[in-house]
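Hi,

Here is the structure I promised to pass on. Please open it and keep it in view while you read the rest of this email.

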Amino acid sequence: MPQVPQTFDALAVRTWCGLSLEALGRAREEIDAINVYPVADGDTGTNLYLTLESATAAVEAVFAGHEVGAGYDVDEGREAGGGREAGGGEPTLADAVRAMAHGALIGARGNSGTILAQLLRGMAQVLAADSETAHTGGPGLRLALRQAADSARQAVAHPVEGTVLTVASAAADAATGAEGDCGTVARAAYAGARAALAATPGQLAALRQAGVVDAGGRGLVVVLAALVETFTGERPRALAGAAEVHARVADASTGVSIGGGIGGVDIVGAGIGGVHPDVCGDAVPQEGGPAFEVIYLLEADDEAVARLRDRLDRLGNSLVVVGGDGLWNVHVHVDDAGAAVEAGVEAGRPYRIRITHFGLGDVHTGGPGRPPRERAQRAVVAVVPGEGLAELYAEAGATTVLARPGEPPASGELVEAVRRAHAREVVLLPNDAELRHTAAAAAEQARVDGVRVALIPTRSAVQGIAALAVHEPERRFDEDVVAMTSAAGATRYAEVAVAERQSWTMAGICQAGDVLGLIDGDVAVIGSDITVTAEAVLDRMLSAGGEMVTLVLGDEAPETIADRLESRVREGYLAVDTVVYRGGRQGALLLIGVE
């Protein structure tokens, strides 16, 4: 048996995250199935899993950074050179919990994931605090759980009882009365959370009508069960005696009970995961409510965020704003998605914007008047590096996953996108050489779900554009994949970027601030002027021939660069066409494709 942490240290954080992720992976589908509040869109388990996956990846990056002697820049979400000697040993508790909280914040999905991110942030505020008394034992865990529950409740504009907030508060209350080590406190919190979860149908009519417990609260119970396992080495079973909890609501046909399954919780009864098939569809709360879910990360100061809260609260409901120290995650349900995004623009700099329509054709909805959406025969799922390209790909019919510079998507996000595409056949375009293993893992998972997936190893978004250009859904799947693969493979790709540090390259030594021209992934040109470097890269690529040049401009590319490059192609290379797109905030100043 692996060594059980005796105190809350960095290793305990790593273990807890790993166990929580595994447990949520096992429970995801069952939690999705009982999701009826605030919107019956069947994604609570998936959202919690993706949020925890992002937190876990950030913690693992901290440990990896110490193993190789580099630090982990929490603000940038990437490894940063310098600051520690090689073989620096284990990170501190503060390093680990701050990374966990930051990872959850930037990866939070949906209402439940956003609240989970704030719960983890609240714990981190206590565990990472500079004080004379180290918060590594039972008393520290009690304080952390209390801060987590209180901060999560404050982040929600209009807290509702019978939700994950109630379960979190009950866990903190139960922990407060527990004396002992971390294992003792964790057991008490878990028991209090289970009891509160069983009571949720009596607090929310939507849960009572559907015959289910709250999905977000159930997810939190799974995470707390992992906390118990972290400090005791034992996965919690059904609690005995007076502590054993049973919830039986609605009529006997729904058969809801709390037992000893995943994370100590089972949903037993008719229908998938205990939800009676004729109940869930009719139990949708807020019928005729907001049409869109809007989520984005926001860089803004506290005063601007306070004004944003007021404005979004007037626009819609289910408002949750979590974070702090200049970085926030905003979640709201509205009818006017554009107004919600515009409010974020006025408050600061929103990015990673996700807008989901709660339509009648939602994959997860069912019941009278809400028929499940018919699966499409074929879809394309693509990773894209900027908002402009995301719009371009979406217009071409692709389901997109936005990759922020320095923060590549996890496999779970790609799996979610495949499910969102809701097709029998899916072509997956990773558009990044570094994502080949992530995409392969996502493809395997999607195949387990019964989806036929073809992974085309595109290394750049411009190769993906070439593949999309020849995509024909009416062709046989194999023929379509071959044509798309051939088009991508016939497209050479390049990018122009600015060096962040001194480095050895194929073209010699570059200094921080130098302009780099990379062709097919290798540095080919080092210069000082962005446009001149881009011209040199383009000349090298066209020296081998080409019929079409694709230019994708980043937000920080010079205004005149597109005109200069188009003129160069027109004057120097006959019969070569040029097309220009705006990529937005995509990391590279310029992407170039030559077909």
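Below are notes on the cavities and on some unusual spots in the backbone. Bear in mind that this is a predicted model.

**Cavities**

Rolling a probe the size of a water molecule over the atoms shows where empty space is left. A search of the whole structure turns up five cavities of 30 Å³ or more. The largest holds about 140 Å³ of space. Its lining is made up of 15 residues, and L119, M123, L145, L220 and L224 are the closest to its centre.

Which helices each supply at least two residues of that lining? They are helix 4 (110-127), helix 5 (138-155), helix 6 (164-176) and helix 9 (215-232). The lining of this largest cavity has 15 nonpolar residues, no polar ones and no charged ones.

**Backbone**

Most residues other than glycine have a negative phi, and most peptide bonds are trans. Three places are worth a look against that background.

Start with P38. The peptide bond from Y37 to P38 is cis, with omega near 0°. P38 sits in the loop between helix 1 (10-33) and helix 2 (44-68).

Next, go to H422. Its phi is positive, near 55°. You will find H422 in the loop between helix 13 (411-421) and strand 9 (423-429).

Then try N431. Its phi is near 60°, again a positive value. N431 lies in the loop between strand 9 and helix 14 (436-448).

Are these two residues buried or exposed? H422 has a relative accessible area of 9%, so it is buried. N431 is at 8%, so it counts as buried. The cut-off for buried is under 20%.

Best wishes

Technical notes: Residues numbered from 1 in each chain as written. Predicted model: local features only at pLDDT ≥ 70, side-chain atom pairs only at ≥ 80, totals over all residues. Heavy atoms only, no water. 1 Å grid on protein atoms, 1.4 Å probe; cavity = no way out; pocket = protein on both sides within 12 Å on 5 of 7 lines; lining within 4 Å. Points joined across faces, edges and corners; volume = space filled by probe spheres on them. Helix = DSSP H or I, 4+ residues; strand = E, 2+ residues; numbered from the N terminus. Nonpolar A, V, L, I, M, F, W, Y, C, P; charged D, E, K, R; others polar. Buried < 20%, exposed > 50% of the residue type's maximum accessible area, 1.4 Å probe, protein only.
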